[in-house]
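Please walk through this protein model with attention to its cysteines, its nonpolar interior, its aromatic rings and the way its helices and strands fit together.

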Amino acid sequence: MRIFFILALLAISNPIHASEALFDQHFNDYSENLDDAIDANKDGVFVFFFMDDCPFCQKMERQVLNQPKVIEYFRTHFLNYKINTESDLELVDFEGNDTIERIFAKRHNRIGATPVLAFFDLKGNRVVRRTGFANQDDFLLLAKYMVEKAYLEEKFVRYKRKHR
């Protein structure tokens, strides 16, 4: 019982790690991750591009990514991964090419700001992207925008206006 209490205290005192429940384990092979998403009947792949010292990334992790509603929706519809935009960790991209996280992130984040919330279809094409902090409601709406493939017909701003 005492161990349970200590673990509960640690979880509460460190909310950033609570967001880890959202993210899937992987071996840095995103071409394999696409196959896994297809096999699991997911709608796509979500990637949270972050920097360690980014206050808005930390705020997303503390206030949004660890929320049960977010975790449930995202785990139902997507495989979910984190990529550090400053990391030199090796990976295989969606096309099967060897690269590093920093280069992969640069390809999908033209501005250089973080966080970047990127959704990829099951072919590895980035189809929805948003830069900056998103509150829980906007984040879930962005995911719904992806799931419904509304990006094929309208910008997120218009979609958001219709759903508010």
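In this predicted model, the count of disulfides comes to zero when a pair of cysteine sulfur atoms must lie within 2.5 Å. A disulfide is a covalent bond between the sulfur atoms of two cysteines. Cys-54 nevertheless counts as buried, because its relative accessibility of 4% falls under the 20% limit, and Cys-57 is buried as well, with a relative accessible area of 1%.

The chain has eight helices and six strands, and reading along the sequence gives the pattern α-α-α-β-α-α-β-β-β-α-β-β-α-α. Of its 164 residues, 45% count as buried. Among contacts between residues at least 6 apart in sequence, 62% join residues at least 24 apart.

In soluble globular proteins, nonpolar side chains tend to be buried together. Here the largest nonpolar core has 30 residues, of which Phe-46, Phe-48, Phe-74, Phe-119 and Phe-139 touch the most other members. At least two residues of this core are supplied by each of strand 1 (44-50), helix 4 (55-63), helix 5 (68-77), strand 5 (116-120), helix 7 (136-147) and helix 8 (156-162), and helix 7 gives the largest share, with eight residues. A second, separate core consists of 16 residues, among them Val-45, Phe-49, Tyr-81 and Phe-104.

Phe-48 repays a closer look. At 0% relative accessibility, Phe-48 counts as buried, and once its neighbours within four places in sequence are left aside, the residues in contact with Phe-48 include Phe-23, Cys-57, Met-60, Leu-65, Tyr-81, Ile-83 and Leu-117. Charged residues also appear in that list of contacts, including Glu-61 and Lys-82.

The contact with Phe-23 leads on to the aromatic rings, of which the structure holds 20 pairs. A pair of aromatic rings is described by the distance of the centres and the angle of the planes. For Phe-23 and Phe-48 the centres are 6.2 Å apart and the planes stand at 35°, so the pair is tilted. Because Phe-23 lies in the loop between helix 2 (15-18) and helix 3 (30-39), whereas Phe-48 belongs to strand 1, the pair ties together parts that are 25 residues apart in sequence. Phe-23 is itself buried, with a relative accessible area of 9%.

Elsewhere, ring pairs link Tyr-30, Phe-49, Tyr-81, Phe-94, Phe-104 and Phe-120 into a cluster. Rings also meet charges in this model: Lys-59 lies over the face of Phe-133, at 4.6 Å from the ring centre, while the charged end of Lys-82 sits over the ring of Phe-50, 4.8 Å from the centre of that ring.

Tyr-30, a member of the ring cluster, brings the reader to helix 3, where Tyr-30, Asn-33, Leu-34 and Ala-37 are buried. Viewed down the axis of helix 3, these buried residues fall within an arc of 105°, so they line one face of the helix. An α-helix has 3.6 residues a turn, so residues three or four places apart point the same way. What do the buried residues of helix 3 pack against? Their partners are strand 1, strand 2 (78-84) and strand 3 (90-92). Just after helix 3, Asn-41 takes a positive phi of about 55°.

Key
Residues are numbered from 1 along each chain as its sequence is written. This is a predicted model: local features need pLDDT of at least 70, side-chain atom pairs count only at pLDDT 80 or more; totals for chains, interfaces and linings use all residues. Side-chain values use heavy atoms; hydrogens and water are left out. A nonpolar core is a set of buried Ala, Val, Leu, Ile, Met, Phe, Trp, Tyr and Cys residues joined through side-chain atoms within 4.5 Å. Buried means under 20% relative accessible area, exposed over 50%, partly exposed in between (1.4 Å probe, protein chains only). Helices (H or I, at least four residues) and strands (E, at least two) are DSSP runs, numbered from the N terminus. Contact means heavy atoms within 4.5 Å. Rings of Phe, Tyr and Trp (its six-membered ring) pair if their centres lie within 6.5 Å; planes under 30 degrees apart count as stacked, over 60 as edge-to-face and the rest as tilted. A charge sits over a ring if NZ of Lys or CZ of Arg is within 6 Å of the ring centre and within 35 degrees of the ring normal. The arc is that of the directions from the helix axis to the C-beta atoms.
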